[in-house]
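Visitor: Could you take me on a close walk through one part of this protein, the side that meets its partner domain, and then along the charged side chains around it? I'd like the numbers as you go.

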Amino acid sequence: MADGRTVRGEAVQAMCALVVKGAFDASLIPTFAAQGDTLDIMWAPTTVIQDRLAEGGRPDMVLVLSGAMDTLEAEGLIHPESRVDVCRSRYGVAVKAGAPHPRIDTLEAFKSTLTGARSVAYSRAGASGIYFAGLLPRLGIADAVNARATIIPAGFTATKLVSGEADIAVQQISELMVVPGIEVVGPYPEGAQEETTFCAAILREATAPDAAQRFLSILTDPSAAEAYRSSGLEPAS
């Protein structure tokens, strides 16, 4: 505004990877709302968000894997100067609450747990599922696991523990933790683990860029660190 006042009460449209839902719901969205703005989020795996953008979807901001953000930047869809690293994530294993926790502390124990499971649930479209699908052949257990796997198109794999369709679920640890009635056994062991970074940025065609920038400031404020850690993530810095 010409008088220098900040406009509040704007609605920010966002597309965000599922990995941050726990931290957003518990702390970061309420903090943003307390400042007077609102946030409308389409929650989806990074690959689905990329597809929506390719089809012409234009939210105010996106939060996706760093590699996907590289692509969006190369395509000229985001303001490069707005790009920020938000959090780091690791993959993990969960079981239904009260079930015995299998050993996953070594690579051999991890492989034995996966091949011995009645069914392992993973996601076809999410970053965790894509990584897991590629990991299985490298571990030499693809046929054994996939013969009994419960593969969902997208969403939270741990819901299949609660429904009884699977006895092991694998996904980003923060995504597992969103589902009530489950217990996270722990992260993948060394040799199977991969840490991923998630980034946020404002689109060039954003209709509420100022409000989107206010939300990005919340995501990277030091006070957000505990929200990330409590939900199974690590702050990016």
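Guide: Sure. This is a predicted model, and it is divided into domain 1, made of residues 11–88 plus 196–235, and domain 2, residues 90–187. Domain 1 is thus written as two stretches of chain, and that's the domain I'll start from.

Let's begin with where the two domains meet. Their C-alpha centres are 26 Å apart, and 14 residues of domain 1 are in contact with 14 residues of domain 2. Together the two domains bury about 1000 Å², with 66% of that area on carbon and sulfur atoms. On the domain 1 side, Leu18, Val19 and Thr196 lose the most area to domain 2, and together they account for 37% of what that side buries. As for charges, the rule finds zero salt bridges across this interface. Polar contacts do turn up: three residue pairs, with both partners at pLDDT 80 or more. The elements giving two or more residues to the domain 1 side are helix H1 (21–34), helix H2 (46–54) and strand E10 (196–202). Sorted by class, that side has seven nonpolar residues, six polar ones and one charged one.

Now zoom in on Ala44, which sits in the loop between strand E2 (38–43) and H2. Its relative accessible area is 5%, and because that is under 20%, Ala44 counts as buried. Leaving out neighbours within four places in sequence, Ala44 is in contact with Cys16, Ala17, Leu18 and Ile49. One of those names is familiar: Leu18 is among the residues that lose the most area to domain 2. Look along the chain too, and you'll find the C-alpha atom of Gly155 7.3 Å from that of Ala44, although the two residues are 111 places apart in sequence.

Next, the charged side chains. The structure holds 11 salt bridges, and a good one to click on is Glu10 with Arg214, at 3.4 Å from N to O. Glu10 lies in the segment before strand E1 (11–16) and Arg214 in helix H9 (209–220), so this pair ties together parts of the chain 204 residues apart in sequence. Asp37 joins in as well: Glu10, Asp37 and Arg214 are linked in a network of salt bridges. You'll find Asp37 in the loop between H1 and E2. The side chains of Asp37 and Arg214 also make a polar contact of 2.9 Å, and the backbone nitrogen of Gly9 lies 3.1 Å from a polar atom of the Asp37 side chain. How covered are these charged groups? Asp37 is buried, at 1% relative accessibility, and Arg214 is buried too, at 13%.

A second charged spot centres on Arg83. Its side chain meets that of Asp70 in a salt bridge of 2.8 Å, N to O. Arg83 is in the loop between H3 and strand E4 (84–89), while Asp70 is in helix H3, 13 residues away in sequence. Glu73 belongs to helix H3 (66–74) as well, and its side chain reaches Arg83 through a polar contact of 3.0 Å. Asp70 and Glu73 both come from that helix, and there is a bit of helix geometry to keep in mind here. An α-helix has 3.6 residues a turn, so residues three or four places apart point the same way. Besides Arg83, Glu73 touches Ile78 and Pro80, not counting residues up to four places away in sequence. Unlike Asp37 and Arg214, which are buried, the residues at this spot are partly exposed: Arg83 at 23%, Glu73 at 31% and Asp70 at 43%.

One more pair before we finish: Lys160 forms a salt bridge with Glu165, their closest N and O atoms being 3.3 Å apart. Glu165 is partly exposed, with a relative accessible area of 39%.

Last stop, helix H4 (107–116). Its buried residues are Ala109, Phe110, Lys111, Thr113 and Leu114. What covers them includes strands E5 (91–96), E6 (120–123) and E8 (168–172), plus helices H5 (127–139) and H6 (142–146).

Definitions and conventions:
Residues numbered from 1 in each chain as written. Predicted model: local features only at pLDDT ≥ 70, side-chain atom pairs only at ≥ 80, totals over all residues. Heavy atoms only, no water. Buried < 20%, exposed > 50% of the residue type's maximum accessible area, 1.4 Å probe, protein only. Helix = DSSP H or I, 4+ residues; strand = E, 2+ residues; numbered from the N terminus. Contact = heavy atoms within 4.5 Å. Domains from an automatic or database assignment. Buried area = accessible area lost by both parts, 1.4 Å probe. Salt bridge = Lys/Arg side-chain N within 4 Å of Asp/Glu carboxyl O. Polar contact = N/O pair within 3.5 Å; in protein donor to acceptor, adjacent residues only side chain to side chain. Nonpolar A, V, L, I, M, F, W, Y, C, P; charged D, E, K, R; others polar.
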